Amino acid sequence: SGVDDKTPAVRVRFEGAGRLPASPPDPRFKVLTHRHTHHGVYDGAPVAAEHLAALGDACTEPGLRIHWITSDDGRAQVDALVMGADAVLLSNPDYRHELGELIGTGVFGTPWLLATLGRFAVSHLMPASSFSKADHKTLMSSPVVGIICAQANSHQAQIRVGQVLERIYLAATLQGLSLQPVSQLL
């Protein structure tokens, strides 16, 4: 399975109107509208072991595992991989154009004018080192790097990893923590 896999990620079935429960049993439901991606440098404050355990509880699927990297050396190793991935990605004009289009839509919370300027800058002007510098500062200021690993490389495994990431996001929101995904390595 790969990118061309046509296996549906989800199936939705609509039923007649019914009553919703007064209070959903899952506490993550309450924070759905508060979940967001952090776009900046972290304060470096350590994450309590009980918070990491709560985040780890989000991974319940067989064949998936979360690795927590808390050491400076471990984060530096991940940082070196991310810097290399940034260099490869940003040397591709198609990738820069796609990233510029995404930024231009304002998905990162940027006001319209700045998003429009950002689209042009990313697609045509900004050196790759600007992106790498920002990624480096964010990664090295984070007290923890989490890596979700799958035993299989399949469309189904990719979907399950995404589901785990969303549950981690909601668990982090419940804990008062913020996250920023790092996908360059993929």
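**Group meeting talk: a walk through one predicted chain**

Okay, let's start at L186, which counts as exposed because its relative accessibility is 93%, and the cut-off for exposed is over 50%. Keep in mind that what we're looking at is a predicted model.

So where does L186 sit? You'll find L186 in the segment after α6, the helix that covers 155-175. Now look across to A85: L186 and A85 are 101 residues apart along the chain, yet their C-alpha atoms are separated by 8.6 Å.

A85 takes us to helix α2, because A85 is one of the buried residues there. Which others in α2 are buried? The full set is G74, R75, V78, D79, V82, M83, A85, D86 and L90. Here's a handy bit of background: an α-helix has 3.6 residues a turn, so residues three or four places apart point the same way. Helix α2 itself runs over residues 72-90, which makes 19 residues. From its first C-alpha to its last, α2 reaches 26 Å, close to the expected 27 Å.

Let's zoom out for a second. How many helices and strands does the chain have? There are 6 helices and 2 strands, and reading along the sequence you get α-β-α-α-α-α-β-α. The chain has 186 residues, and 29% of them count as buried.

How confident is the predictor? The mean pLDDT of the chain is 81, with 80% of residues at 70 or more. Strand β1, residues 64-69, has the highest confidence at 94, while helix α4, residues 112-125, has the lowest, with a mean of 66. So go easy on α4 when you look at the picture, because its confidence is the lowest in the chain.

Next, cysteines. A disulfide is a covalent bond between the sulfur atoms of two cysteines. This structure holds 0 disulfides. Why does C59 not form one? Because its closest cysteine sulfur, in C149, is 9.4 Å away, too far for a bond. Likewise, C149 is in no disulfide. And are these two buried or exposed? C59 is buried, because its relative accessible area is 17%, whereas C149 is partly exposed, at 29%.

Last stop, the other end of the chain. V12 lies in the segment before α1, the helix at 49-56. V12 counts as exposed because its relative accessibility is 62%. Together with V10 and F14, V12 forms a nonpolar patch on the surface, and the three share about 400 Å² of accessible area.

That's my tour, thanks for listening!

Conventions. Residues are numbered from 1 along each chain as its sequence is written. This is a predicted model: local features need pLDDT of at least 70, side-chain atom pairs count only at pLDDT 80 or more; totals for chains, interfaces and linings use all residues. Side-chain values use heavy atoms; hydrogens and water are left out. Helices (H or I, at least four residues) and strands (E, at least two) are DSSP runs, numbered from the N terminus. The expected span of a helix is 1.5 Å times one less than its number of residues. Buried means under 20% relative accessible area, exposed over 50%, partly exposed in between (1.4 Å probe, protein chains only). pLDDT is the predictor's confidence in each residue, from 0 to 100. A disulfide is a pair of cysteine sulfur atoms within 2.5 Å. Patches are made of residues with over 30% relative accessible area and no salt bridge: like charges are joined within 9 Å, nonpolar side chains (Val, Leu, Ile, Met, Phe, Trp, Tyr) within 5 Å. Accessible areas come from the Shrake-Rupley method with a 1.4 Å probe; for residues, only the protein chains shown count as cover. A salt bridge is a side-chain nitrogen of Lys or Arg within 4 Å of a carboxyl oxygen of Asp or Glu.
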